[in-house]
Amino acid sequence: MLKVILVDDEPNVRQGVKMMIPWEELDLEVVAEGEDGDDGLNKILINDPDIVIADVKMPGMTGIRMIESARKSGFNGKAIILSGYSDFTYAKEAISLGVKQFILKPVDEDELIKCLKTVHDEIIAEKDSSIKLRKGSEYISEQLIRSLLLGETITSDGGELDSYNSYNSFSVALISSVSDNFSSGKAVLLDMVRKQLSDYEDIDVISIDLSGMLAVIFKGWSDTKIRECLNKLNSDYNNRIFITIGDSVSGPNLISASYLSANELYSNRFLYLHYGVVSSDDLCKGKGDSDTPVEGYAKQLFTFMEINDISRLDECFEKFRNALCCNSYTPEKIRIVCITTVLNIKAFIAKSVGDKKSEQFRDEVIIGQIGAMNSLYEIIELMKNEFTEVSNNLYGKTTKSTMERVVRYIHANYSQELRLEMLANIFGYNSAYLGKVFHQYMGDNFNNYLDKIRITEAKRLLAMDEYKVYEVAEKVGYTNINYFHNKFKKYVGVSPLNYKKLCQEEENKK
C-alpha cells in the first residue's frame with residue numbers, strides 16, 4: 001500500500017479529500033497531514049511518502065517551495081498540486097520539479113480518483129523497473145566481485161572496474177554465523193546482516209558459499225573505521241556472527257590477497273571464534289611458552305590447583321591456550337591434547353588425595369563436553385571452571401595459612417625435584433623471605449625439613465624389602481645414590497643397606 005500525505009492550510013479541504021476517496025481500494029493510505037508548507041515539509045521528511053497532495057498557495061512556504069525543499073532533502077515521490085485558475089502561473093516551475101498532475105479547486109472526486117490511479121500505476125511500474133535494473137546490476141557486480149576475490153581475469157572491457165580504480169585501499173571481511181547448523185534461521189540472520197551493510201557507502205557485499213557466508217569489500221576505508229563498523233555489527237547481533245578481516249591491499253588486482261588472508265583466519269575459526277571480530281593483528285606472534293610443551297601443562301595446572309592459587313591457575317590456562325593456538329594443531333588434535341590433560345590431572349589428584357576424593361573431579365563429563373564444543377575458547381573456559389571448583393573443594397585455603405599450604409605441597413611432592421627457589425616461584429615469594437618465614441614457622445630450615453620427610457619415607461620403603469637401595473633413593477627424590485647414602489646415615493645412624501638388613505632381621509625374629 002502506497003503512502004500519501006495531504007498538505008493544505010484549510011482543514012475542511014483536507015477532511016473533504018480524506019472522505020471522498022476510497023483509499024484502501026486504490027491501494028493507498030493517508031499517513032499524515034500538513035497544516036502549511038513548513039509543517040508539510042517536516043511530515044514529508046519524517047514519513048517519506050509515495051505521493052504528496054498539496055495546495056499551491058499556503059501561508060509561509062508555498063506548495064512549490066515545499067516540494068522543492070523536499071526534493072533537495074531526498075524526497076523522490078510524486079506530487080499532485082491543488083490549485084485555482086489564477087495559480088497556473090506556478091505550473092512551469094512545478095513541472096521542472098517533476099509535478100505532472102494538477103487538480104483545480106474545488107476538487108472533483110472523479111478527477112482526483114483518476115489522477116491517483118494514474119500516479120499509483122506510474123509508481124508501481126517504476127518500482128518494478130527499478131527492481132529489475134537493480135537485480136541485473138547486482139548480478140553483474142557479483143560476477144565482477146567474485147572474480148576480484150578469486151583473482152580471476154576480468155573478461156569485460158574494464159569499464160566495470162572504474163568504481164574500484166578510484167580507491168587506493170581495499171580490505172575483505174568474511175562474515176558467517178557462529179552456529180555450524182544449516183538452518184533457515186542462519187540464512188535469515190546473514191540476510192539481515194547483508195541488508196544492514198547495504199546502508200553503508202563504499203562497500204560491496206556478496207554471498208560466497210552455500211552456508212550463506214558473506215564477503216564484504218571495503219573500498220577506501222581505514223583499518224580503524226572498518227573495525228568500528230564490524231564491532232558494532234557484531235554487537236548488534238549479540239555475538240551470533242563471526243567476522244574475519246583480511247589484510248589491507250592497495251589495488252583491485254590485490255583484493256584476492258586480502259580475501260585469502262581473511263579466509264585463512266576463517267579456516268581457523270575453532271581457535272579464534274571467541275574474538276567475534278578478528279584480524280591477523282589480533283593473533284599471537286610468538287610460539288607460546290617455549291619451555292613448556294603443550295603435553296606438559298597438566299603438571300603446572302595441577303600445581304596451582306594443589307596450592308589453590310586460582311589467579312595463577314587462570315594465567316596458566318591462558319598460556320596453555322596460547323600454546324595450543326600457536327602450534328598449528330587441528331581441532332581434533334587440540335581436543336585430544338585437552339582430554340589427555342584432563343586425564344593426567346585426574347591421576348595427579350588421585351595420587352594427592354586418594355581415589356575416593358578424586359571422584360569429585362568429573363572427568364567423564366568434561367571429556368564428553370570437550371568433544372562437542374565448537375571452539376578452543378569454550379573448552380578452556382570449561383576446564384577453568386571445573387578445575388577451579390575442584391581446587392576450591394579439595395585444596396581450598398579456608399583457614400590454612402600460606403605456610404601450611406607450602407608444607408602440604410612439600411609432603412605431596414617430596415619425591416620430585418624440589419628446591420626453595422621453586423617453591424618461592426610457585427607461591428609468589430622471594431626465596432630468601434620464604435626461607436626465613438619457613439624456618440620461623442617450622443623451627444627448621446627447608447632443606448632439613450625436606451630431608452627428614454624423604455628419609456622417613458625411605459625407612460618405610462626399605463623395611464618393606466621390596467626395593468633395592470637405589471630404587472628407594474629414586475622414589476624419595478634423591479637422584480644421586482651416594483648423596484642419599486650420606487643423608488640417610490646422618491639422620492638414621494646407619495647406611496641404607498644396613499638399615500634394610502636390620503629390618504629383615506627384626507622381621508625374621510617374629
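**Close-up 1. Helix 11 packs against helix 16 in this predicted model.** The axes of helix 11 (residues 297-306) and helix 16 come within 8 Å of each other, crossing at roughly 45 degrees. The two helices are therefore oblique to each other. On the helix 11 side, look for Leu301, Phe302, Phe304, Met305 and Glu306; their partners in helix 16 are Phe387, Val390, Ser391 and Tyr395. Sorted by class, this contact has seven nonpolar residues, plus one polar and one charged.

**Close-up 2. The largest nonpolar core, and what helix 16 puts into it.** This core holds 74 residues. If you want to find the ones with the most contacts inside the core, pick out Phe320, Ile349, Met383, Phe387, Ile410 and Phe484. Helix 16, residues 376-395, supplies the largest share of the core, with nine residues. There is also a second, separate core of 21 residues, and Ile175, Val193, Ile203 and Ile226 are among them. As background, nonpolar side chains tend to be buried together in soluble globular proteins.

**Close-up 3. Met383, a core residue on helix 16.** Met383 sits in helix 16 and is buried, with a relative accessible area of 0%. Which residues does Met383 contact once its neighbours within four places in sequence are set aside? They are Phe317, Phe320, Cys338, Thr341, Val342 and Ile370. For a sense of scale, the C-alpha atoms of Met383 and Asp363 are 9.9 Å apart in space, while the two residues are 20 residues apart in sequence.

**Close-up 4. Lys384, a buried lysine in helix 16.** Next in this tour of helix 16 comes Lys384. Is Lys384 buried or exposed? Its relative accessibility is 13%, so Lys384 counts as buried, the cut-off being under 20%. The side chain of Lys384 makes a polar contact of 3.1 Å with the side chain of Glu318. Besides Glu318, Lys384 touches Asp314 and Phe317, leaving out residues up to four places away in sequence.

**Close-up 5. Helix 20 crosses helix 22.** Here the axes of helix 20 (residues 446-464) and helix 22 (residues 481-492) come within 10 Å and cross at roughly 90 degrees. That makes helix 20 roughly perpendicular to helix 22. Helix 20 brings Asn448, Asp451, Lys452, Ile455, Ala458, Lys459 and Leu462 to the contact, where they meet Phe484, Lys487, Phe488, Lys490, Tyr491 and Val492 of helix 22. By class, the residues of this contact divide into seven nonpolar, one polar and five charged.

**Close-up 6. The surroundings of Phe484.** Phe484 appears in the helix 20 and helix 22 contact, and is also one of the residues with the most contacts inside the largest nonpolar core. What does Phe484 touch, not counting residues up to four places away in sequence? The list runs Ile455, Ala458, Val469, Val472, Ala473, Val476, Tyr478 and Pro496. Ile455 and Ala458 also turn up on the helix 20 side of the previous view.

**Close-up 7. Asp55 meets Lys105.** Asp55 lies in strand 3, residues 51-55, and counts as buried at 5% relative accessibility. The side chains of Asp55 and Lys105 make a polar contact of 3.0 Å. Setting aside residues up to four places away in sequence, Asp55 touches Val7, Asp8, Asp9, Gly63, Leu82 and Lys105.

**Close-up 8. A cis peptide bond at Lys105 to Pro106.** Lys105 shows up again here: the peptide bond from Lys105 to Pro106 is cis, with omega near -5 degrees. Pro106 lies in the loop between strand 5 (101-104) and helix 5 (109-150). For context, most peptide bonds are trans.

**Close-up 9. Asn238 and Asn239, a pair with positive phi.** Most residues other than glycine have a negative phi. Asn238, though, has a positive phi of about 50 degrees, and Asn239 has a positive phi of about 60 degrees. Where are they? Asn238 is in the loop between helix 8 (223-236) and strand 9 (241-245), and Asn239 belongs to the loop between helix 8 and strand 9 too. Asn238 is exposed, with a relative accessible area of 59%; Asn239 counts as exposed at 52% relative accessibility.

**Overview. The whole chain behind the close-ups.** The secondary structure of the protein chain comes to 23 helices and ten strands. Of its 510 residues, 44% are buried. Among contacts with a separation of 6 or more, 66% come from residues 24 or more positions apart.

Technical notes:
Residues numbered from 1 in each chain as written. Predicted model: local features only at pLDDT ≥ 70, side-chain atom pairs only at ≥ 80, totals over all residues. Heavy atoms only, no water. Core = buried A, V, L, I, M, F, W, Y, C linked by side-chain atoms within 4.5 Å. Buried < 20%, exposed > 50% of the residue type's maximum accessible area, 1.4 Å probe, protein only. Helix = DSSP H or I, 4+ residues; strand = E, 2+ residues; numbered from the N terminus. Contact = heavy atoms within 4.5 Å. Axes fitted to C-alpha atoms, helices over the stretch in contact; angles between N-to-C directions. Parallel < 35°, antiparallel > 145°, perpendicular 65-115°, else oblique. Nonpolar A, V, L, I, M, F, W, Y, C, P; charged D, E, K, R; others polar. Polar contact = N/O pair within 3.5 Å; in protein donor to acceptor, adjacent residues only side chain to side chain.
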